[in-house]
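This briefing covers the overall fold, the nonpolar core and one helix. Look over the model before reading the points below.

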Amino acid sequence: MTPMIQPNRLLAVGAHPDDIDFGLGGTVTSLVNQGTEVVYCVITDGDAGGFDPTVPRSEIPNIRRNEQRAAADILGVSRVHFLGYRDGQLTVTQELRRDISRIIRKETPDVVVIQSPIRNIDQMYASHPDHIAAGEAAMAAIYPDSRNPFAHPSLVADEDLPAWTVPQTWVTNYPEPNYWVDITETFDRKIAALRAHVSQTEHMTDLAERMRSRAALTAADGDLPSGHTAEAFRVLDTR
Ligand SMILES: [Zn+2]
């Protein structure tokens, strides 16, 4: 098994604003506290989300970007890159692979966190089609695109972004995780970040309880002590 490294810079890629905070908000807080620089790449503007019918749909992208920035601030994230794709319509295209490769080459992370490109049949919500497309496109950006100077040649020719190899990849919502991060100490901060996604979580009066029971099951799955909470990953050596 590949040991989980303590990254200098971690890039987390998510399909929607809030995906990264739901998937690894506790882990992000722990890593930032230990000196890791964390950067987000959010692919769509979440413009199919939001539950308030009185809010004009054209305002949703701005609202959700601002919510994502606020959540990232709460967790100590350094930067958020928005790719501006349409929510609910994500597919694996050369354009998306190039756009993620651009962020990888700009940020030169030693860890990239992606959503699972494989459907977890037991987790319907976590296996949203956009998440699977985001995971597959990010995996293709990690290998082979970012490390191949001849892939997406405009990144070198026009943007002066040389090839970059991502040494380690962590996958969220993978059916068979192999690493568990104890988030007992950072759980409350994660909930605060999720609350910053007001348009998504305002109506969830039991958000903390639901997240706590789910994270407790994850902790138990990873043989952590009773009463602890955790986030789980599949850690891949991608050197
Ligand atoms: Zn999502």
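Helices are DSSP runs of H or I with at least four residues, numbered from the N terminus. By that numbering, helix 2 is followed by Gly-76, whose phi is positive, near 80°. The model is predicted.

**Overall fold**
- The chain holds 8 helices and 7 strands.
- Its radius of gyration is 17 Å, which agrees with the value near 18 Å for a compact globule of 239 residues.
- Along the principal axes, the C-alpha atoms fill a box of roughly 50 × 50 × 35 Å.
- Of the 239 residues, 46% are buried.
- Among contacts with a separation of 6 or more, 79% join residues 24 or more positions apart.

**Nonpolar core**
- The largest nonpolar core has 54 residues, and those with the most contacts inside it include Leu-11, Val-13, Val-112 and Ala-138.
- Helix 4 (residues 129–145) gives this core its largest share, 8 residues.
- Leaving aside residues up to four places away in sequence, Val-112 touches Leu-11, Val-13, Ile-104, Ala-138, Ile-142, Val-166 and Thr-169.

**Helix 2**
- The end C-alpha atoms of helix 2 (residues 60–75) are 23 Å apart, in agreement with the 22 Å expected for 16 residues at 1.5 Å a residue.
- Its buried residues are Ile-60, Ile-63, Arg-64, Glu-67, Gln-68, Ala-71, Ala-72 and Leu-75.
- Seen down the axis of helix 2, these buried residues fall within an arc of 165°, so they line one face.
- The face turned away from that buried side carries exposed Asn-62 and Asp-73.
- The cover over the buried residues of helix 2 includes helix 1 (19–33), strand 2 (37–44), strand 3 (79–85), helix 6 (187–195) and helix 7 (198–201).

Methods
Residues numbered from 1 in each chain as written. Predicted model: local features only at pLDDT ≥ 70, side-chain atom pairs only at ≥ 80, totals over all residues. Core = buried A, V, L, I, M, F, W, Y, C linked by C-beta atoms within 7 Å. Buried ≥ 20, exposed ≤ 12 C-beta atoms within 10 Å, placed from the backbone. Helix = DSSP H or I, 4+ residues; strand = E, 2+ residues; numbered from the N terminus. Contact = placed C-beta atoms within 7 Å. Rg over C-alpha atoms; globule rule 2.2 N^0.38 Å. Expected span 1.5 Å × (residues − 1). Arc of directions from axis to C-beta.
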